[in-house]
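Hi,

Here is the structure I promised to pass on. Have a look at it first, and my notes follow underneath.

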Amino acid sequence: MLHAMIMAGGSGTRFWPASRRARPKQLLSLVGEDSMLQASAQRLEGLVPAENILILTNEILVAATRKQLPALPPASIIGEPYKRDTAPCIGLAAALIARRDPDATMLVTPADHVIPDVDRFHAAIRHGETLVDEDPARLVTFGIPPTYPAEVFGYIERGEPVADGVWQVARFREKPDVKSARTFVESGRFYWNAGIFMWRCKTILTALREFEPAMMDPIDRIVEARDTADFEKVFREEFSAVKGKSIDYAVMEHHPNVCVIEAPFDWDDVGNWTAIPRLRGTDDSGNSTSGKYLVIDSRDCIVQSSGDHLVVTLGMEGCIVVHTDDATLVARVDNESGIRRIVEELESRGMDAYL
């Protein structure tokens, strides 16, 4: 049976000041009325029964996550006591699912992606499910055809064909410099790594125990304690001993049987404020706006305000202005990556109230 795990523990620092520790990117309604987490769960309707959906998030976000997804059983939303990257997160989820359903097929999807065409997404997942059924020892990932030489994504190089639109993975490439990214895109052999996966739970668990036994030993003890009174205590103690590592480093780059499906759906990881014009659209001057605003003689600006606060730009070009109740960001669009520096500076100055 198909199960799904949504990874919802990201901090979304590049969306400061709208995104905060207690309300990160995936809980925000950046595109449409629903949050990206809600949209991720809705995308699974008709594909995965609600009782087969598992959400892994940060422990401080459990209450907010349950509030946004009231249809899910409370036990389906699990808060990690420490941030440990994707491999431990996936290992824990796979072990919990396998405890219920030893032959389960598992879909892994992040909570902060935008995939507007649900029908094409479902068709791709069904295709992945078929590939796993044909070869239960296979790991399946989904590659996004690149539209520009992005430096912020990992890449997947395809190898020999497996089926129509499916290839063996030749190798994974880390985030490249712009010259390498341009070479990747021009070759026609590379995809963006979307971080969406499918496999049998037992297959990914076998791989993790082979490649990362020190990671899986404490996870196994956590799962053994799942329905006991000591679960929270065991979870905190054992998870603290887990070394964080991405699933790509831990398994995907080493496993001998990985294939990539060329994703037939549009995809955006909404990585920072510069994604907003792509998703919300712009006016005739290239401005993307939300909330109360007045844009005069301004071009290519991203403006967002909250509540009744009016934001006015006059004679501005290529700027980001984001107003919240307690903080306002003004930055150049071409220096958007510097927002991480703001978060680091706030941390170093002890200004945690703004984080």
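Bear in mind that this is a predicted model. I'll begin with a strand pair: β14, covering residues 319-323, runs antiparallel to β15, and five bridges link the two. If you want one spot to click on, try I320, whose bridge partner in β15 is A331.

That pair belongs to an open sheet of four strands, ordered β10-β12-β14-β15, and the pairing in the sheet is mixed. Its edges are β10 (288-290) and β15 (328-332), each of which pairs on one side only. From one strand to the next, the twist averages 5°.

The other thing to show you is a helix pair. Helix α3 (residues 86-100) packs against helix α6 (residues 201-211) at an angle of about 135°, and their axes are 9 Å apart. Oblique is the word for how α3 lies to α6, because angles over 145 degrees would be needed to count as roughly antiparallel. As for handedness, α3 and α6 cross in the left-handed sense.

Which residues in α3 and α6 meet? On the α3 side they are A87, I90, G91, A94, A95, I97 and A98, and they touch C201, I204, L205 and L208 of α6. By type, the residues of this α3 contact with α6 come out as 10 nonpolar and one polar, with no charged ones.

To find your way around, I'd colour the helix pair α3 and α6 separately from the four-stranded open sheet.

Cheers

How values were computed: Residues numbered from 1 in each chain as written. Predicted model: local features only at pLDDT ≥ 70, side-chain atom pairs only at ≥ 80, totals over all residues. Heavy atoms only, no water. Axes fitted to C-alpha atoms, helices over the stretch in contact; angles between N-to-C directions. Parallel < 35°, antiparallel > 145°, perpendicular 65-115°, else oblique. Left-handed = near helix turned anticlockwise from the far one by under 90°. Contact = heavy atoms within 4.5 Å. Nonpolar A, V, L, I, M, F, W, Y, C, P; charged D, E, K, R; others polar. Pairing = 2+ DSSP bridges.
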